[in-house]
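Work through the exercises below with the sequence and the model open. Each task is followed by a solution in steps.

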Amino acid sequence: MRVAVITPASVNRLAHLHRLRRFLRDAVAPGIELLPIEVGLDAEAPGRYDGAVQVHVPPGRHGLRVGAARNAAAEEALARGAELLVFLDVDCLPSPGLLHRYAEAAASLPDGILCGPVTYLRSVERPREPDELAAHTRPHPGRPAPPPGEIATAHPAEYDLFWSLSFAVTPATWRRLGGFDERYEGYGAEDTDLGRRAREGGIALHWVGGADAYHQWHPAGTPPWRHLDDILRNGALFAERWGEWPMRGWIEEFVRAGAVEEHAGGYRRTSRA
């Protein structure tokens, strides 16, 4: 099976990208032909790297265009004969079994979205080799994480737990989804929107045990203050379509801090912010 691994990347994540590349090579199992596709998100096109197809999607008016980048890379992958699309963010490391488990799940469930467990590594956890990952496995408690080899199908309320940092779809399912909404720029909501559209379209969401990804630590902040404007802008776009705001936990924290206030049925920055 020809498996495209799609990774949007910016210059401030090059160290993460180098680790991902190294771990990805060790995740290739028998019967899998790897097609890595890296999407440069910065204003300038990235340099060429051996073994990876390079795509360039420059920033838009409001910041990095991650959804558009994934869409462009998916089109490139399909043009190159990919039989499975695996989306893996630049700050994630694949477990040795990630590609095999996604491919195995796609063979039996080709019409759904496949999501593996994600472990968020702590700042002191810096695995150097793929065989060190298992000792750090600690799937995020907010999402279902079946045991390795098992698959659970999401019920309707779980679609909002779709995270785009690690998932896989067949070309047919990708075409049914129609890709990410490219109106979302900067940080947040484009993956929740895709999950909602999958639910509305009757596309199943499956939790794939053993397709583990490990999110590499980097400073972020809770709530993510540097993404405040993105969250307000993308949140409003999401609410226009779905009648409610996403990322409510963060927005409520911004409100408590006095940086955001309710306005006209939504939210806006305060003068204090």
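## Exercise 1: Aromatic pairs

A search of the whole structure, which is a predicted model, finds 10 aromatic pairs.

**Task.** Classify the pair formed by Y120 and W163, and state which parts of the chain the pair ties together.

**Solution.**
1. A pair of aromatic rings is described by the distance of the centres and the angle of the planes.
2. For Y120 and W163 the centres are 6.4 Å apart and the planes are at 80°.
3. Planes over 60 degrees apart count as edge-to-face, and the Y120–W163 pair is edge-to-face.
4. Y120 is in strand β7, residues 118–120, while W163 is in the loop between β8 (151–153) and β9 (166–169). The pair therefore ties together parts that are 43 residues apart in sequence.
5. Buried means a relative accessible area under 20%, and exposed means over 50%. With 34%, Y120 is partly exposed; with 19%, W163 is buried.

**Task.** Which residues do ring pairs link into a cluster, and which residue lies over the face of F180?

**Solution.**
1. The cluster linked by ring pairs consists of F87, F162, F167, W174 and F180.
2. R70 lies over the face of F180, at 5.0 Å from the ring centre.

## Exercise 2: An open sheet

**Task.** Give the strand order of the open sheet formed by 3 strands, and find the strands that stand at the edges.

**Solution.**
1. The order in this open sheet is β5-β11-β7, and the pairing is mixed.
2. β5 (92–94) and β7 each have a single partner strand, so one side of each is left without a neighbour in the sheet. These two strands stand at the edges.
3. On average, neighbouring strands of the sheet are turned by 25° against each other, direction ignored.
4. β5 pairs with β11 (residues 213–215) in the antiparallel sense, over 3 bridges.
5. Within that region, C92 has H215 in β11 as its bridge partner.

## Exercise 3: The chain as a whole

**Task.** How many helices and strands does the protein chain have, and how does its radius of gyration compare with the globule rule?

**Solution.**
1. The secondary structure comes to 7 helices and 13 strands.
2. The radius of gyration is 18 Å, and the globule rule gives 19 Å for 273 residues. The two values are close, so the chain is as compact as a globular protein of that length.
3. Along the principal axes, the C-alpha atoms fill a box of roughly 60 × 40 × 40 Å.
4. Buried residues make up 53% of the 273 residues.

## Exercise 4: Two annotated ranges

**Task.** Describe the residue ranges that UniProt gives for "domain: Glycosyltransferase 2-like" and "domain: Galactosyltransferase C-terminal".

**Solution.**
1. The unreviewed UniProt entry places "domain: Glycosyltransferase 2-like" at residues 56–133. In the model this range is 32% helix and 19% strand, with its end C-alpha atoms 31 Å apart.
2. The unreviewed UniProt entry places "domain: Galactosyltransferase C-terminal" at residues 157–206. This range is 36% helix and 12% strand, and its end C-alpha atoms are 13 Å apart.

## Exercise 5: Sequence and space

**Task.** Set separation along the chain beside separation in space for V5 and L88, and for G210 and G60.

**Solution.**
1. V5 lies in strand β1, residues 2–9, and is buried at 2% relative accessibility.
2. V5 and L88 are 83 residues apart in sequence, and their C-alpha atoms are 6.6 Å apart.
3. G210 is in the loop between β10 (205–208) and β11. Its relative accessible area is 14%, so G210 is buried.
4. G210 and G60 are 150 residues apart along the chain, with C-alpha atoms separated by 36 Å.

## Exercise 6: Positive phi

**Task.** Where do A189 and M247 lie, and are they buried or exposed?

**Solution.**
1. Most residues other than glycine have a negative phi.
2. A189 has a positive phi, near 85°, and M247 has a positive phi near 55°.
3. A189 is in the loop between α4 (171–177) and α5 (190–200). With a relative accessible area of 2%, A189 is buried.
4. M247 is in the loop between α6 (228–242) and α7 (248–256). With a relative accessible area of 19%, M247 is buried.

Definitions and conventions. Residues numbered from 1 in each chain as written. Predicted model: local features only at pLDDT ≥ 70, side-chain atom pairs only at ≥ 80, totals over all residues. Heavy atoms only, no water. Phe/Tyr/Trp six-rings, centres within 6.5 Å; stacked < 30°, edge-to-face > 60°. Helix = DSSP H or I, 4+ residues; strand = E, 2+ residues; numbered from the N terminus. Buried < 20%, exposed > 50% of the residue type's maximum accessible area, 1.4 Å probe, protein only. Lys NZ or Arg CZ within 6 Å of the ring centre and 35° of its normal. UniProt positions renumbered as here; feature names shortened; annotations may be inferred. Pairing = 2+ DSSP bridges. Axes fitted to C-alpha atoms, helices over the stretch in contact; angles between N-to-C directions. Rg over C-alpha atoms; globule rule 2.2 N^0.38 Å.
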